[in-house]
Amino acid sequence: MAEFVDNLPDEAKLVADKAKIKSADQAILTPTAHLLLQESSPHDIYVLKASAAKVVAKESIKVSDLLDLPYCMKWARLSFGCEALDKCTQGGIVTRGITEICGVAGSGKTQLLLQLSLMSQLPLEFGGLGAGVAFICTEHAFPSKRLHELSKTFTQKYPSININYLAQVHVQQIHNSEQLLKCCAEHLPPLMASERIRLIIIDSVAAVFRTYSDFIQRARDMRKLANCLLNLGDRYNCAVICVNQVTSISKKQSEIPCLGLAWSHLGRTRLRISKVPKQIKYDDKLLTVRKLEIIYSPETPIAYAEFLITGEGIVNVP
């Protein structure tokens, strides 16, 4: 297997050197998201994995090889399907802990979630997770019409991939915290056991927890929800995204995420989406520029990226 790297094309050899890959087994088992963090292009990563597949096809991979990988390399990342956002977050949404996305109404949170729901279904080499989505709505009705529009765009963008995008988005409408806790504790486990689900979305947690008058009980219920989501995330190596609303305390402190410290301590990553006071002409239309900011994350530095919401989904600012 030591000859594997020596026989690689130059572009694939560079990817292997950056990721310290010495064998074909390592090349297959190393997640694409981890290779993207090494600033390697998707094409070069594809060449590396394709070369490794030809070698590994003649041999067998032991299950124990999976256990030999560094723990951080077992986590995957879900691409946003937007180069600017992926670069800002160093690969997308990590399948580790709870990622919170907050922002004012109309900032584009739901649009981003719909695109992530479709990206999740793509194979790993395209930045997806190769699995379906559990989408829990607590505020408005699920925007199925918009999802259908985006699915047509994905079908055209990835013609070689045969996916029924709409069939792999499992939607549940929730009206209060009791229903939400029951759904996550009783309904999600059997769904994830029977279906291939690697993305859980709750839009939003604030809608069901802001109505509490007993804040001690609210903190307990939020902890129950977080524990349940974290257990599912660890068991199935899936990404968990919770949307949060924002509120204004004063003129100096505007757009503060709701639910206070009791909720903010439960999440691993917090992202904020907002509108930028400028417009860009895109396809003969004036579109408002949006911004995604990393408020905190254990592995990603504080950064931001701008993007546009078009009829075809989330795209870079030209």
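**Notebook: cavities, pocket, cores and a helix**

I began with the enclosed space, and the largest cavity comes out at about 90 Å³. I note here that this is a predicted model. Counting cavities of 30 Å³ or more, I get 2 in the structure.

**Largest cavity**

Next I pulled up the walls. The largest cavity is lined by Arg77, Thr89, Gly92, Ile93, Val94, Thr99, Thr269, Leu271, Ile294, Ser297, Glu299 and Thr300. I sorted that lining by class and got 6 polar, 4 nonpolar and 2 charged residues. Two strands turn up here: E2 (93–94) and E10 (269–282) each give at least two residues to the lining.

**Second largest cavity**

I then moved to the second largest cavity, with about 30 Å³ of space. Its lining is made of Thr95, Arg96, Gly97, Leu229, Leu230, Gly233, Asp234, Cys238 and Val240. Helix H12 (residues 215–236) provides the largest share of that lining, 4 residues. By class I have 4 nonpolar, 3 polar and 2 charged.

**Largest pocket**

Turning to open space, I find about 720 Å³ in the largest pocket. I listed 24 lining residues, and those nearest the pocket centre are Leu36, Pro42, Glu83, Asp86 and Lys87. Helix H4 (32–36), helix H7 (83–89) and strand E13 (313–316) each supply at least two residues of this lining. The class split for the pocket is 9 nonpolar, 9 polar and 6 charged.

**Nonpolar cores**

Which members of the largest nonpolar core touch the most other members? I find Phe80, Leu85, Leu112 and Leu292, in a core of 41 residues. Helix H8 (residues 109–119) makes the largest contribution to this core, with 6 residues. Apart from that core I see another one, of 31 residues, which includes Leu188, Met192, Ile202 and Trp263.

I went back to Leu292 for its contacts, skipping neighbours within four places in sequence. Leu292 is in contact with Phe80, Leu85, Cys88, Thr89, Leu112, Leu271, Arg272, Ile273, Ala303, Tyr304, Ala305 and Phe307. Phe80, Leu85 and Leu112 in that list are also among the core members picked out above. Thr89 and Leu271, two more of these contacts, belong to the lining of the largest cavity.

**Helix H5**

How many residues does helix H5 (residues 42–56) have? I count 15, with 21 Å from the first C-alpha to the last, close to the expected 21 Å at 1.5 Å a residue. Pro42, at one end of that range, is one of the residues nearest the centre of the largest pocket. Within H5, I marked Asp44, Ile45, Val47, Leu48, Lys49, Ser51, Ala52 and Val56 as buried. Looking for what covers these buried residues, I found helix H1 (3–6), helix H2 (10–19), helix H3 (24–29) and H4 among the elements involved.

**Val276**

Last, I checked a single residue of strand E10, Val276. Is Val276 buried or exposed? I have Val276 down as buried because its relative accessibility is 15%, and the cut-off for buried is under 20%. Leaving out residues up to four places away in sequence, I see Val276 touching Thr288, Val289, Arg290, Lys291 and Glu306. I also took one long separation: Val276 and Asp6 are 270 residues apart along the chain, with 49 Å between their C-alpha atoms.

Conventions. Residues numbered from 1 in each chain as written. Predicted model: local features only at pLDDT ≥ 70, side-chain atom pairs only at ≥ 80, totals over all residues. Heavy atoms only, no water. 1 Å grid on protein atoms, 1.4 Å probe; cavity = no way out; pocket = protein on both sides within 12 Å on 5 of 7 lines; lining within 4 Å. Points joined across faces, edges and corners; volume = space filled by probe spheres on them. Nonpolar A, V, L, I, M, F, W, Y, C, P; charged D, E, K, R; others polar. Core = buried A, V, L, I, M, F, W, Y, C linked by side-chain atoms within 4.5 Å. Buried < 20%, exposed > 50% of the residue type's maximum accessible area, 1.4 Å probe, protein only. Contact = heavy atoms within 4.5 Å. Expected span 1.5 Å × (residues − 1).
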